[in-house]
Amino acid sequence: LAGCGVKERTYKDGLGNDFSVKGTPKRIASLSPALTETVFMLGLGDRVVGVSTYCNRPPEALDVDKIGDAYNINFETLVALKPDLVLVAGTKDFETQAEKDMDRLGLPVYASGPSTVAEVLSDVENLAKVLGVPKAGKDLVEDLQAEIDAVTASYAADSRPGPKVFVAVDPDLWTVGPTSFVSDVLQVAGGEN
């Protein structure tokens with residue numbers, strides 16, 4: 001009988017950090033709008049038990065319990081939802097206080113912080129494996145890549161230079177740097193940061 005229990009599996013999240021989950025996650029809380037959309041696109045919206053106040057797509061995400069946002073998490077609500085996986089946006093440079101708090105509470109955390117379009121696609125496949133739907137992840141990535149290829153093909157034959165784009169992130173004129181995700185998106189779409 002001991003061999004019939006739910007096995008704990010160790011994975012790497014989107015940032016390359018190790019984390020463990022027991023079995024296949026069935027109760028997912030997401031503090032990342034992008035990861036929330038990904039879970040729904042993988043056909044697993046019924047597993048999402050909590051989302052951030054910024055998760056507004058797809059429309060079904062609006063009906064899911066709110067657990068705050070990346071900076072103001074309602075940990076009582078989060079714990080009460082009994083998630084077996086929490087999705088967060090993060091960076092490779094440091095672990096957030098929220099991630100530390102979730103770890104202290106014994107909540108497995110999948111952190112993601114892609115800095116290129118290619119990393120987004122890789123992260124989708126990786127998350128799909130963690131959620132037990134690797135084929136759905138592969139299919140979704142193929143569909144997304146086809147859309148990207150269509151955009152690339154639409155400007156490839158045009159000999160004119162692509163548009164030069166300046167992105168003002170906030171009123172103090174912070175902008176995106178050349179190694180940022182937005183800069184990579186601009187390049188993939190045929191523009192220049």
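1. Is Glu142 buried, partly exposed or exposed, judged by its relative accessibility? In this predicted model, Glu142 has a relative accessibility of 44% and therefore counts as partly exposed, since that class lies between the 20% limit for buried residues and the 50% limit for exposed ones.

2. Glu142 also has a charged partner, for its side chain forms a salt bridge with Lys138, in which the closest N and O atoms are 3.1 Å apart. Both Glu142 and Lys138 belong to helix H5, where four residues, or about one turn of the helix, lie between their positions. Lys138 is partly exposed as well, because its relative accessible area is 43%.

3. As background to such pairs, side chains of opposite charge can pair when their charged atoms come close. A search of the whole structure finds seven salt bridges, and one of them, between Glu142 and Lys138, has just been described.

4. Helix H5, which covers residues 134–156, also holds Asp139 and Lys135, again four residues apart and so about one turn of the helix from each other. These two residues form a salt bridge, with 2.9 Å between the closest N and O atoms. What differs from one partner to the other is the exposure class: Asp139 counts as partly exposed because its relative accessibility is 30%, whereas Lys135, at 58%, counts as exposed.

5. A further salt bridge joins the side chains of Glu37 and Arg57, at 3.4 Å from N to O. This pair links distant parts of the chain, 20 residues apart, since Glu37 sits in helix H1 (residues 33–41) while Arg57 sits in the loop between strand S4 (48–51) and helix H2 (75–80). Glu37 has a relative accessibility of 22%, so this residue counts as partly exposed; the limit under which a residue is called buried is 20%.

6. Leu44 deserves a separate look, and the place to find this residue is the loop between H1 and S4. Although Leu44 is in a loop, its relative accessibility is 6% and it therefore counts as buried. When neighbours within four places in sequence are set aside, Leu44 is in contact with Val39, Leu131 and Val133.

7. Finally, how many Å separate the C-alpha atoms of Leu44 and Arg160? The separation is 43 Å, for two residues that stand 116 residues apart along the chain.

Conventions: Residues are numbered from 1 along each chain as its sequence is written. This is a predicted model: local features need pLDDT of at least 70, side-chain atom pairs count only at pLDDT 80 or more; totals for chains, interfaces and linings use all residues. Side-chain values use heavy atoms; hydrogens and water are left out. A salt bridge is a side-chain nitrogen of Lys or Arg within 4 Å of a carboxyl oxygen of Asp or Glu. Helices (H or I, at least four residues) and strands (E, at least two) are DSSP runs, numbered from the N terminus. Buried means under 20% relative accessible area, exposed over 50%, partly exposed in between (1.4 Å probe, protein chains only). Contact means heavy atoms within 4.5 Å.
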